[in-house]
Amino acid sequence: MQKYMKEKFPVYGLYAPERRQLQKEFMIEPDDRNEMYEVLKLCWNDDYREIQYFGIDYAVKFLKIFSGVNASEGEESLKLCYFLISTKSWWDTVDLLSSKVVGHLVKTYPNLQPTMDEWCEDENMWIRRASILYQLNYNKNTDSEILFRYCKTLANEKDFFIRKALGWALRNYGRFQGKIVKNFVTENQDILSNLTIKEALKNIK
């Protein structure tokens with residue numbers, strides 16, 4: 001497992017089913033968002049990767065509490081997501097936080113969308129990746145204007161993780177709007193990387 005993680009973080013060696021079974025007794029509903037924040041920060045302060053996985057499962061399980069009751073509280077939670085994504089960063093935690101937590105926050109509070117525009121141009125590569133993937137679970141409800149605009153903004157990126165994410169996001173949306181995605185890729189093939197194009201069109205005939 002540690003080799004799978006490129007030896008970036010120490011691990012206990014627990015696979016997901018075993019870890020989720022062990023963590024059940026600790027999945028206790030928090031009293032409020034502040035308690036959740038403290039738990040998540042403790043998880044990210046821990047050396048072992050499985051503890052960060054627990055933190056993500058915890059955030060997802062109690063997502064309603066984490067999201068708050070208004071846009072201001074949602075914005076506070078989004079700021080914490082920025083910290084979690086940009087700290088101890090690797091694709092495993094970044095992708096889950098982006099698609100399952102950030103995506104929910106922005107969908108719940110659309111006024112947070114401009115923050116995603118900022119993330120798309122952030123100096124941190126993992127934050128930019130998160131801006132691409134936050135709509136991943138929107139499926140057919142993906143905002144294509146935003147997705148395509150971000151793809152154009154990041155098309156010249158050299159980083160593998162950005163190029164791969166662009167293709168992944170396009171491929172996922174292509175499951176519902178294959179013709180639209182294919183047309184976008186064709187029209188922008190001069191700026192999109194070969195990796196992005198390959199990933200985007202993988203399941204589109």
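User: What makes the lining of the second largest pocket divide into six nonpolar, one polar and two charged residues?

Analyst: The model is predicted; local features need pLDDT of at least 70, side-chain atom pairs count only at pLDDT 80 or more, and totals for chains, interfaces and linings use all residues. Residues are numbered from 1 along each chain as its sequence is written, and side-chain values use heavy atoms, with hydrogens and water left out. The lining consists of Tyr 12, Leu 14, Arg 19, Leu 22, Gln 23, Phe 26, Glu 50, Ile 51 and Phe 54. Ala, Val, Leu, Ile, Met, Phe, Trp, Tyr, Cys and Pro count as nonpolar, Asp, Glu, Lys and Arg as charged, and the others, Gly among them, as polar. Therefore the split is six nonpolar, one polar and two charged.

User: Why is Ala 59 called buried?

Analyst: Its relative accessible area is 2%. Buried means under 20%, exposed over 50%, partly exposed in between (1.4 Å probe, protein chains only). So Ala 59 counts as buried.

User: Which residues is Ala 59 in contact with, leaving aside neighbours within four places in sequence?

Analyst: Met 36, Leu 40 and Val 101. Contact means heavy atoms within 4.5 Å.

User: How do you know that the buried residues of α11 are on the same side?

Analyst: Gly 178, Val 181, Phe 184 and Val 185 are buried in α11 (residues 178-187). They cover an arc of only 130 degrees around the axis, so they sit on the same side of α11. The arc is taken from the directions from the helix axis to the C-beta atoms. The face turned away from that side carries the exposed Lys 179 and Glu 187.

How values were computed: On a 1 Å grid over the protein atoms alone, a cavity is a set of points where a 1.4 Å probe fits but cannot get out, and a pocket is an open set with protein on both sides within 12 Å along at least five of seven lines; lining residues have an atom within 4 Å of a point. Helices (H or I, at least four residues) and strands (E, at least two) are DSSP runs, numbered from the N terminus.
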